[in-house]
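Colleague: Before I use this model in class, I would like to go through the reasons behind its labels with you. Could you take me through them one at a time?

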Amino acid sequence: MDSNNPLIKKHPASFRDPSGFLFSLDGKLYRQINRGYQAEYDQLMKSGLYQTLVKEGLLIPHQEVNDVPSLDSSTVYRVIRPEMVPFISYPYEWSFSQLKTAALVTLQIQRKALDSGMSLKDASAYNIQFWDSKAVLIDTLSFEIYKEGQPWVAYRQFCQHFMAPLALMAYRDIRLNQLLRVYIDGVPLDLASELLPFQSRLRFSLLAHIHLHAAAQKRYAGKPVPTKLAAQRQNKGGGMSRMALTGLLDSLESGIRSLSWQPAGTEWAEYYDLTNYSTQAFEEKKRLVAQFLNTTLQENSKPEVWDLGANTGLFSRIASQQGALTLSFDIDPAAVERNYQQTVEKSEKNILPLVLDLTNPSPALGWANQERQSLEERGPADVVMALALVHHLVISNNTPLTDLAAYLAKLGHWLIIEFVPKSDSQVQRLLASRTDIFTDYHRDGFGTAFSQFFSIVETCTVQDSERTLYLMKSRILHDAV
Amino acid sequence: MHFLLYLDPGSGSFLLQLLLAALLGGAVAVRMYWKKIKGFFSRSSSSTSSNEEITSVDEQKKDG
């Protein structure tokens, strides 16, 4: 049946692949599989590949549904309902190890696909999502039927989405993962080749997959794929044999594995050691946060908590251990890296560390600015936590208190926020090198600014410190309901 | 050779893969034969259980 149901919405990022598309209906996510993809889908399901991948947690499970109208009955073969990932994150929000894990998972899936006579037809980092300390492929339609002799069609994309940014982060600067925010289809290889230091050429995998790859792209730019040559080579048995493809995957894998980055020396990774809280005050702060979370989380069975400025996630874990789906955001890639490694070591559930600069949060990106959602579009959260954060935004970034309150009131229904006064040595440090222009930066000024956008529910001074914790309810989100 | 592709693999990327194919495929072949030779000698000197063989293959993979 064709549906003119206005509630059916095609996903704005789902247009590149003609195999099918995502759509939502009644808050549920579905994927239409087109007739053109019938053979591939059947092979995925019948060869045992789907079962293997799902069992190993590498592919998102789905169910076939019959009672959902399709958007276009002339093209539909099946409609499936994939399990939903609680929060969609993007490669420019991942730490080094997250991107590296996503790369290795992609290669692992490709190897398993080859064992079942299939091959990945794309290797987009956006097809990988994280939850419960694991990386999973969310695009069920990423597989094509493998034909012996055929090269890996997603090779270029793999190098752009994974190899290039990881090499740049490892060899040049960790902050270069932000190039992924500019280049939606991965870092162009000529740019990566130019930015990488000379010694990267001494490593075969980087020489081959980035530097020579970039040179080959430049040389053959705009020229058609030389099918004759390929056919000749294939007839001679010298095309992309299965063994050659395995060799290529081995080389990519050892290349990715050899890239490493140690989180040290960046801004906040040592922050807990530097903080001027006494042990007693720190425990008191933890107790108060837990108490506020308790009050707010009871309202919802699967609450979502965004911890902004989470550092290595100490306070995020108070939320995640209470069963809340917790996003642990921080601006510092070193803190996020440590946080992520901790989630993996302990196989933690309900927590996802992500890199986020709150003074310039992830925007809406891609075609028509609709392919990748902004931070705000992925909300609102049930609870936003902003602990030891206000002074950084107001004093380092000159954000007026009312502007900060207005934005936070849109991000979450509840807010647990800590006010750090000027007398605090952390604030003194920020003010040391500049004129104090912040005349309304005091407890009363803070209360006045936030009262415009929030109802202040509770206020507690953290014992043995000069800081205050507030529990507030957003008036913007609640008045709108 | 005709491919039904929705992603442009890129002419340069395509050619580089063919170039690397010979080299990297060769490496896989060498590794496989080396494994066989090693397996032959380890089998003749001591009877290795199949489980141990899998472990040694895995270890080699990690090294590779």
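Colleague: What makes β1(A) and strand β2 of chain A, residues 20-25, a pair?

Modeller: In this predicted model, β1(A) and β2 of chain A are joined over two bridges in the antiparallel sense, and since two strands pair if there are at least two bridges between them, they are therefore counted as paired. As for where the strands meet, A:K9 has A:S24 in β2(A) as its bridge partner.

Colleague: Which sheet does this pair belong to, and why are some of its strands called edges?

Modeller: The sheet is an open one of five strands in chain A, in the order β1-β2-β3-β5-β4, with antiparallel pairing. At its edges stand β1 (9-10) and β4 (62-65) of chain A, each of which has a single partner strand, so one side of each is left without a neighbour in the sheet.

Colleague: How do you know that helix α1 of chain A packs on the sheet?

Modeller: Helix α1, residues 38-46, touches β3 (28-34), β4 and β5 (76-82) of chain A, where contact means heavy atoms within 4.5 Å. The direction of the helix makes about 45 degrees with that of β5(A).

Colleague: Into which domains is chain A divided?

Modeller: Chain A is divided into domain 1 (9-82), domain 2 (91-258) and domain 3 (271-480). The C-alpha centres of domain 1 and domain 3 of chain A lie 38 Å apart, and the contact takes four residues from each of these two domains.

Colleague: How much area do domain 1 and domain 3 of chain A bury between them, and which residues of domain 1 supply most of its part?

Modeller: Domain 1 and domain 3 of chain A bury about 340 Å² between them, with 56% of it on carbon and sulfur atoms. Of the area that domain 1 buries against domain 3, A:P12, A:A13 and A:F15 supply 78%, which is more than any other three residues.

Colleague: Why is the meeting of A:E371 and A:R16 called a salt bridge?

Modeller: The side chains of A:E371 and A:R16 meet at 2.8 Å, N to O, and the rule asks for a side-chain nitrogen of Lys or Arg within 4 Å of a carboxyl oxygen of Asp or Glu, so the pair qualifies. Across the interface of domain 1 and domain 3 of chain A, the rule finds one salt bridge.

Colleague: What makes the peptide bond from A:G379 to A:P380 worth pointing out?

Modeller: Most peptide bonds are trans, whereas the bond from A:G379 to A:P380 is cis, with omega near -5 degrees. A:P380 is found in the loop between β12 (351-355) and β13 (381-386) of chain A.

Modeller: A:A368, placed in the loop between β12 and β13 of chain A, has a phi near 55 degrees, a positive value in a residue other than glycine.

Colleague: Which strands are at the edges of the seven-strand sheet, and why?

Modeller: This open sheet of chain A has the order β12-β11-β10-β13-β14-β16-β15, with mixed pairing. β12 and β15 (454-461) of chain A stand at the edges, each with a single partner strand, so one side of each is left without a neighbour in the sheet.

Colleague: In which sense do β10 and β11 of chain A pair, parallel or antiparallel?

Modeller: Strand β10 (residues 304-308) and strand β11 (residues 325-330) of chain A pair in the parallel sense over five bridges, and A:E304 stands opposite A:L325 in β11(A).

Key: Residues are numbered from 1 along each chain as its sequence is written. Chains are lettered from A and ligands numbered from 1 in the order in which they are written. This is a predicted model: local features need pLDDT of at least 70, side-chain atom pairs count only at pLDDT 80 or more; totals for chains, interfaces and linings use all residues. Side-chain values use heavy atoms; hydrogens and water are left out. Helices (H or I, at least four residues) and strands (E, at least two) are DSSP runs, numbered from the N terminus. Axes are lines fitted to C-alpha atoms, for helices over the stretch in contact, and angles run from 0 to 180 degrees between N-to-C directions. Domain bounds come from an automatic or database domain assignment. Buried area is the accessible area (1.4 Å probe) that two parts lose on being put together, summed over both.
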